[in-house]
Amino acid sequence: MQLAFVSPGCAMCCQVLSVFGIVFLVILGFLFNAEVEELTGSTEDPVHPKEVGHACFVAAAVYAAFFLCCSCQQLVRRNETRRARRLSQSDPSGAVSDR
């Protein structure tokens with residue numbers, strides 16, 4: 001069974017984007033919870049800014065889940081690479097050579 005279903009490049013891209021998304025959404029969540037005037041002062045802004053802040057925190061948690069998933073994919077790929085390297089360096093008797 002293959003556990004790695006995302007390429008290493010995609011996993012790294014997802015990790016980087018997730019970090020930026022988490023930071024951005026957490027900051028927005030705190031600002032909406034604090035009811036900052038720039039975000040909540042006009043008539044077109046949300047009526048319930050604390051609910052919007054909560055939604056930002058939930059979205060940040062989703063990004064954190066994607067970050068963890070892609071981190072696990074990176075670890076699986078790293079372990080598969082190590083295992084393949086070890087198998088390619090071993091001789092027919094099963095002993096690992098000193099290359």
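**Group meeting: a walk through a three-helix model**

Let me begin in a loop, because Glu 35 is found between helix 1 and helix 2, the latter spanning residues 37–40. What draws my attention there is the backbone, since Glu 35 has a positive phi of about 55° although it is not a glycine. As for its surroundings, Glu 35 counts as partly exposed, because its relative accessibility is 41%. I should say at once that this is a predicted model, and everything that follows is to be taken in that sense.

Stepping back to the whole chain, we have three helices and zero strands, and, read from the N terminus on, the elements run α-α-α. Of the 99 residues of the protein chain, 18% count as buried.

With that in mind, which residues make up the largest nonpolar core? There are five of them, namely Leu 25, Leu 28, Phe 32, Cys 56 and Ala 60. Helix 1, which covers residues 8–33, and helix 3 are the elements that give two or more residues to this core, and the largest share, three residues, comes from helix 1.

Let me stay for a moment with one member of that core, Cys 56, whose place is in helix 3. Is Cys 56 buried or exposed? Its relative accessibility is 10%, and the limit for buried is under 20%, so Cys 56 counts as buried. In terms of contacts across the chain, the C-alpha atoms of Cys 56 and Phe 24 are separated by 9.1 Å, while the two residues are 32 residues apart along the chain.

A second pair of this kind involves the other loop, the one between helix 2 and helix 3, where Pro 46 is found. The C-alpha atoms of Pro 46 and Phe 32, which are 14 residues apart along the chain, are separated by 9.5 Å, and Phe 32 is, as I said, one of the core residues. Pro 46 itself has a relative accessible area of 29% and is therefore partly exposed.

Turning now to the surface, I would like to show two patches of opposite character, beginning with the nonpolar one. Val 19, Val 23, Ile 27 and Leu 31 together make a nonpolar surface patch of about 310 Å². Val 19 lies in helix 1, and because its relative accessibility is 39%, Val 19 counts as partly exposed. Helix 1 therefore deserves a look from both sides on the screen, given that it also provides three residues of the largest core, where the limit for a buried residue is under 20% relative accessible area.

The other patch is charged: Arg 78, Arg 82, Arg 83, Arg 85 and Arg 86 form a positive surface patch. Taking Arg 83 as the example, we find this residue in helix 3, which runs over residues 49–89. Why does Arg 83 count as partly exposed? Because its relative accessibility is 47%, and partly exposed ends where exposed begins, at over 50%.

Technical notes:
Residues are numbered from 1 along each chain as its sequence is written. This is a predicted model: local features need pLDDT of at least 70, side-chain atom pairs count only at pLDDT 80 or more; totals for chains, interfaces and linings use all residues. Side-chain values use heavy atoms; hydrogens and water are left out. Patches are made of residues with over 30% relative accessible area and no salt bridge: like charges are joined within 9 Å, nonpolar side chains (Val, Leu, Ile, Met, Phe, Trp, Tyr) within 5 Å. Accessible areas come from the Shrake-Rupley method with a 1.4 Å probe; for residues, only the protein chains shown count as cover. A salt bridge is a side-chain nitrogen of Lys or Arg within 4 Å of a carboxyl oxygen of Asp or Glu. Lys and Arg count as positive and Asp and Glu as negative; His and the chain ends are not counted. The place of a charge is taken as NZ of Lys, CZ of Arg, CG of Asp or CD of Glu. Helices (H or I, at least four residues) and strands (E, at least two) are DSSP runs, numbered from the N terminus. Buried means under 20% relative accessible area, exposed over 50%, partly exposed in between (1.4 Å probe, protein chains only). A nonpolar core is a set of buried Ala, Val, Leu, Ile, Met, Phe, Trp, Tyr and Cys residues joined through side-chain atoms within 4.5 Å.
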